[in-house]
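Q: Please walk me closely through the empty space in this model, and then through the packing around it. I would like the cut-offs as you go.

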Amino acid sequence: MQAVVYHSRSIQAWEQRWFAQQNSSLGLMQQAAWTITQQLMQQFQQNKTQKIAVWCGQGNNAGDGYYIAAFLKQYGFSITVFATKLGQSVDLKKAAEFAQSHQVDIQSVDYLLSENAVHQEMPTFDCHIDALFGIGLNRMLDPNWQEIIQLYNAQTGLKVSIDIPSGLQANTGQALPCAVQADQTFTILGYKAGLFTGQAKQYVGKLHLLSLIPVDQELKPLAYLSPEKIVLPKRQAFGHKGNYGHVLVVGGHADMGGAVIMAAEAAFHAGAGKVSVICHAKHHQAILARSPNIMVRDINVLNQQTIQQLLMQVDAVCFGMGLGRDGWAEQIYLQWIVLLKQNSHLEIVLDADGLWFLAKHPQQLNHHHYATPHSGEAATLLGCTAADIEQDRIAAIQQLQQNYAGRWVLKGAGSLILEEQLFICTQGNAGMGTGGMGDVLAGMIASLKAQFHQQIALHEIVSLHAQAGDLLAEKGMRGLQAHDMAKMIYKVVNQDV
């Protein structure tokens with residue numbers, strides 16, 4: 001079953017419906033704290049943890065922190081709470097009183113930032129528990145709060161966040177502008193999108209889900225996590241190259257030949273039976289020297305009739321890699337795009353410069369068209385900046401589909417995939433942020449769609465690409481090269497076969 005991701009407002013409304021059924025909000029706070037305490041106890045006993053600091057803010061998230069502090073104190077741990085002034089919540093005040101009644105040492109966070117504390121050495125702890133902010137944070141933190149979070153991050157020891165790392169926006173995964181860098185996060189009730197996309201990987205650490213109350217019918221998913229286990233159908237013993245799809249890769253301006261090579265090789269290693277490249281003739285020798293199994297044609301000598309004949313012979317087209325953005329490239333785009341749309345049997349991947357011209361000549365895509373922008377290309381398509389896209393990636397991909405239809409991948413950390421439903425890819429790594437990785441993904445999409453069409457989902461292909469990148473990064477992320485992905489693609493498409 002696919003893991004479900006919710007918007008923070010949906011989580012909060014779900015809580016309120018639970019409380020409206022005469023369930024105790026204070027009881028839920030105590031239940032969350034007790035469950036987290038039990039899980040932490042197992043780790044603390046293994047790691048011989050003794051001294052624990054709990055950092056509590058002003059909302060109900062801090063109430064979880066106070067109860068955790070009291071429960072751990074009951075188990076004999078040395079506990080210090082670094083607290084801000086209490087907020088107005090009745091439950092929070094009861095939690096703080098409970099901690100005081102159990103002789104928990106409560107000190108002021110503000111004192112740690114005062115001039116009197118500057119010359120004193122901060123006591124060391126084995127573990128710091130972050131209960132400063134919950135999922136309701138939607139504003140930039142003021143300088144005082146930024147200083148508190150920076151002080152927290154500067155401490156040694158295990159870092160644990162309750163519900164979400166403080167300072168991280170629950171729905172976008174953006175730091176506001178800084179956030180707690182947790183080793184572990186215990187998220188309560190349900191997954192929030194900001195734990196998986198945007199900057200989330202920098203802050204969340206190992207994620208634990210506490211499912212404490214039953215899901216009701218009014219709770220609607222925002223997205224799903226793309227599955228990690230993807231097994232492709234076994235091949236029939238009597239199959240031949242004609243059974244496994246013919247992929248056409250179109251691009252390759254005179255000045256840019258590498259992109260079509262990487263896309264084509266990725267298509268072959270993902271299992272396509274045949275791959276052809278249509279590009280500038282000056283790249284043909286390099287393509288054949290590297291991959292003699294690739295068929296090549298000169299993009300400059302094809303007329304409408306010849307293109308149509310080619311399209312009738314293939315199953316998928318990967319269009320736009322290294323095409324360029326000059327007058328020649330625009331002419332090629334306009335020549336091909338009309339015929340691509342007319343051939344409804346084709347699976348079509350639009351990437352790179354193909355997306356540039358889609359923005360310049362907007363039109364509606366079909367359900368078998370797959371567009372794969374990074375944030376800069378998405379910004380061009382939506383007429384905004386890449387920073388705007390990163391501020392709310394989910395809103396951006398939804399707007400892309402609304403404007404252009406089709407199926408979309410918004411590449412980046414926690415890649416988003418929008419088909420009939422929204423998916424988030426949790427795999428992949430920072431080493432994949434290098435030139436050519438997008439060309440490889442485009443080739444994989446074309447290849448696997450050519451082979452399986454609707455039997456494989458777009459989000460599954462994105463996950464396979466991410467898994468290949470993770471295999472490539474096993475010995476280190478720095479210096480990965482996209483052209484080295486081929487053997488890893490071969491491995492992931494043959495899992496459990």
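A: **Empty space and its surroundings**

Helices α8 (258–269) and α18 (486–492) each supply at least two residues of the lining of the largest cavity; helices (H or I, at least four residues) and strands (E, at least two) are DSSP runs numbered from the N terminus. The model is predicted, so to speak of local features takes pLDDT of at least 70 and side-chain atom pairs count only at pLDDT 80 or more, while totals for chains, interfaces and linings use all residues. Residues are numbered from 1 along each chain as its sequence is written, and side-chain values use heavy atoms, with hydrogens and water left out.

On a 1 Å grid over the protein atoms alone, a cavity is a set of points where a 1.4 Å probe fits but cannot get out, a pocket is an open set with protein on both sides within 12 Å along at least five of seven lines, and lining residues have an atom within 4 Å of a point. Points are joined across faces, edges and corners, and a volume is the space filled by probe spheres set on them.

By this rule there is 1 cavity of 30 Å³ or more, and the largest cavity has a volume of about 50 Å³. The main contributor to its lining is α8, with 3 residues. The full lining of the largest cavity is M262, E265, A266, V440, A482, H483, M485, A486 and I489.

Now to the open spaces. The largest pocket has a volume of about 730 Å³. Its lining has 36 residues, and K411, G412, A413, M432 and G433 are the closest to its centre. Two or more lining residues come from each of α13 (375–382), α16 (437–452) and α17 (458–472), with α16 giving the largest share, 4 residues.

One of these helices, α13, deserves a closer look. Its buried residues are S375, E377, A378, A379 and L381, where buried means under 20% relative accessible area, exposed over 50% and partly exposed in between (1.4 Å probe, protein chains only). These buried residues of α13 pack against three helices, α12 (353–360), α14 (386–391) and α15 (393–404), and against the strand β17 (405–410). Just after α13, G383 takes a positive phi of about 70 degrees.

The second largest pocket holds about 530 Å³ of space. Among its 23 lining residues, E15, N60, N61, D64 and D163 are the closest to the centre. The elements that give two or more residues to this lining are α1 (8–20), α2 and α3 (60–74). The most, 5 residues, come from α1.

Next comes the packing. The largest nonpolar core has 103 residues, and Y66, I129 and W336 touch the most other members; such a core is a set of buried Ala, Val, Leu, Ile, Met, Phe, Trp, Tyr and Cys residues joined through side-chain atoms within 4.5 Å. Helix α2 (residues 25–47) gives the most to this core, with 9 residues. Domain 1 (4–220) and domain 2 (246–493) both give residues to the core, so it lies between them; the domain bounds come from an automatic or database assignment.

For Y66, leaving aside neighbours within four places in sequence, the contacts (heavy atoms within 4.5 Å) are C56, V81, A83, T84, L86, L92, A95, A96, A99 and I106. A second, separate core has 57 residues, including A267, Y370, C425 and I489. I489 also appears in the lining of the largest cavity.

Between the two domains, 9 residues of domain 1 are in contact with 13 residues of domain 2. The C-alpha centres of these domains lie 42 Å apart.

Finally, here are some backbone details to check. L176 and P177 are joined by a cis peptide bond, with omega at about -10 degrees, and P177 lies in the loop between β6 (158–162) and β7 (184–188). In the loop between β7 and β8 (191–192) sits L189, a residue other than glycine with a positive phi near 75 degrees. L189 is buried, with a relative accessible area of 4%.

Q103 is another residue other than glycine with a positive phi, near 55 degrees. Its place is in the loop between α4 (90–101) and β4 (105–108). Q103 counts as exposed, at 59% relative accessibility.
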